[in-house]
Amino acid sequence: MKKALRHLIIYVLLILLALFMMGPFLWLLSVSLMPGRNVFANPPAILPTFISFDNYVQVWEFMDFPRYIINTVVITLLGVVFNIFLSCLTAYPLATFRFRGRNLVFTLLISTMIIPSATAMIVHYLTIQAFHLGNTFLGVVLPAAVSVFNIFLMRQTFLGIPTDIRDSGKMDGASEFRIFVQLVMPLVKPGVAVIGLLEVMAFWNNFLWPIVVLDDPQKYPLAAALTYLNGQFSYNFGWIAAGTMISVLPIIIVFLFTQKYYMEGIAGAIKG
Amino acid sequence: MYKAIRSESFAAWAFMAPGLLFLAVFTFWPIIYGIPLSLTDYSVITETHFVGLDNFTRAFQDHNFLISLWNSLVYVLVVPVIQIISILMAILVNSRIPGVKMFRAAYYIPVVTSMVAVALIWSWLLGNNGVVNYLLLKVGILSEQVSWLSTSSTALYVLMFITMWKGLGYYMMLYLAGLQGIPADLYEAARVDGAGPLRLIIHVTLPLLRPHILFCTVISVMGAVRVFDEVYILTKGGPGTSTLTSSVYIFQKGLEQFNFGYASALGLIVSVMVAALSVLVFRLNRRGGVNTY
């Protein structure tokens, strides 16, 4: 009986917290499904009187969503590929090789985490302009092409690979690069999935840097386009709500389907 | 043997070269280049001159900059609140009851959503005729509508609330990882000694969570000082200068007004302060006798 009561209390707390954390999203969903007049009701409408998908249809017709979605997907894919490629290559020797300068590299990497660079964005802007990459997707992606955090995460993963694997590859006369690609990489797929997911989220949601780099709003990713939509149609609540739902849903779905790996990755990061 | 190490060394650098090149250009270079830049009046419009420490003396006489530093400092008050609530959340979702994983995921959704979307949602909820005012009026906590984001006295706290709301799930997961690393027999032993739930938390959970608390505190202090997105989207520093945080001010000076030299100097000052603040957090924790990191 005592156990049942404890469970009841826990469930009540869990549900209250869920309302606090999810409530705003449920309300957004509800607003996006309300027909126009309903939205401006006073007292504010919390639940729609009848459900209509008009807002979605109209905002989809008004804004060139396919274009923004393609922009976002291209930026995200580029970002993910760069990050996986660069952080695996950098982390692998740090985890398994013995070489002079290893500690130096490691200290340098850690120091970047302690020194926050508020000026970074300004210098990035100048660098991207100097490379003539302004107004390009590459300009959006390159400053975040590799992160120290991902290197640490991958190093942690590579440390878990038995040394015998490399030795046996060497016995067979394979080059270091071949050992890496054919023997080691297949074993770290879960780690790769984690940094891939982290970067999908980061690039999908990025809005500020794209606005700084891209002069042409036609090249904006979804999150940036959303601020643009909000600026123009602040009076048309339902549209913006529908637009926001369209931008948020893909990433929530990705998260829900991959949460196991994703959360393990976040949890693993702190142990690194 | 010597030759083996040398070839391994060569291979190691060859592997790391592309990654280190990117880090050099986009992580180390901004830290290094910010320093000489801060000693000039570099802007796109006029010719660049070396101005020595002028930017720094100007900074400390710049009323708005000092306000922005103060606001950033106030913003750090969100850190202890986040830690307390997210630890409690972690303890709650660490219960072994059916369906608890679903709740974990639900609490995490604000973390994966873009700040743009989160900011938009809250700006409507907090509007004059918004749901928050409506509910608070209804239960009688408020007697009249409050324009939460356009009132100087509330705007900064509202932004802090939004930052907290979005971040809770992230810290909850980090603490949950910590909780799951605590051996169950420690709780068993304490329970045998007659400890109740509250004493279990104070005497078993919190001490063993210390490394996690340190880690989370440091990253959230850095996050709070650097806060940008929510402020920029929702208030742009207004009304007046009431939500002008240092990152927003640096952004305005640098990428809106193109005073790169001055903005770099401001950035440098803030960086030094953040570094000092994180050292302080580490020191405070060391005094407690924990040297895990």
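This briefing walks through chain B of the structure above, plus a few spots where it meets chain A. Keep in mind that you're looking at a predicted model. Chain B is built from 14 helices and has zero strands, and 54% of its 293 residues count as buried.

**Overall shape of chain B**

- Read chain B from start to end and you get helix after helix, in the pattern α-α-α-α-α-α-α-α-α-α-α-α-α-α.
- If chain B were a compact globule of 293 residues, its radius of gyration would be near 19 Å, but the value here is 24 Å.
- The C-alpha trace of chain B covers about 80 × 75 × 35 Å along its principal axes.
- Take the contacts in chain B between residues at least 6 apart in sequence: 66% of them join residues at least 24 apart.
- About 13,800 Å² of chain B is exposed, and carbon and sulfur atoms supply 66% of that area.

**Helix α4 of chain B**

- Helix α4 of chain B runs over residues 78-93, which makes 16 residues.
- At 1.5 Å a residue this helix should span 22 Å, and its end C-alpha atoms are indeed 22 Å apart, so the two values agree.
- The buried residues of α4(B) include B:V78, B:I82, B:Q83, B:M89 and B:V93.
- Those buried residues have company from both chains: they pack against α1 (2-32) of chain A, and also against α3, α5, α8, α10 and α11 of chain B.

**Helix α5 of chain B**

- One of the neighbours of α4(B) is α5 (100-112), a helix of 13 residues.
- From first C-alpha to last, α5(B) reaches 19 Å, close to the 18 Å expected at 1.5 Å a residue.
- Why call α5(B) largely enclosed by the rest of the structure? Because eleven of its 13 residues are buried.
- Among the buried residues of α5(B) are B:F103, B:R104, B:Y107, B:Y108 and B:P110.

**Helix α1 of chain B**

- B:W29 and B:Y33 both sit in helix α1 (residues 2-37) of chain B, and since they're four residues apart, about one helical turn separates them.
- An α-helix has 3.6 residues a turn, so residues three or four places apart point the same way.
- The ring centres of B:W29 and B:Y33 are 4.7 Å apart with their planes at 15°, so this pair is stacked.
- Buried or exposed, where does B:W29 fall? In between: at 37% relative accessibility, B:W29 counts as partly exposed.
- B:Y33 is partly exposed too, with a relative accessible area of 25%.
- B:T27 also lies in helix α1 of chain B, but B:T27 is buried, at a relative accessible area of 19%.
- Setting aside neighbours within four places in sequence, B:T27 touches A:T112 and B:F22.

**Aromatic rings and charges**

- How many aromatic pairs turn up over all chains? A search of the whole structure finds 36.
- One aromatic cluster brings the two chains together: A:Y92, A:F97, A:F158, A:F177 and A:F180 join up with B:F15.
- Rings can have charges over them as well: the charged end of B:R58 sits over the ring of B:Y262, 3.6 Å from its centre.
- Likewise, B:K236 lies over the face of B:Y232, at 4.7 Å from the ring centre.

Terms used
Residues numbered from 1 in each chain as written. Chains lettered and ligands numbered in written order. Predicted model: local features only at pLDDT ≥ 70, side-chain atom pairs only at ≥ 80, totals over all residues. Heavy atoms only, no water. Phe/Tyr/Trp six-rings, centres within 6.5 Å; stacked < 30°, edge-to-face > 60°. Helix = DSSP H or I, 4+ residues; strand = E, 2+ residues; numbered from the N terminus. Buried < 20%, exposed > 50% of the residue type's maximum accessible area, 1.4 Å probe, protein only. Lys NZ or Arg CZ within 6 Å of the ring centre and 35° of its normal. Expected span 1.5 Å × (residues − 1). Contact = heavy atoms within 4.5 Å. Rg over C-alpha atoms; globule rule 2.2 N^0.38 Å. Areas by Shrake-Rupley, 256 points an atom, 1.4 Å probe, with all protein chains shown as cover.
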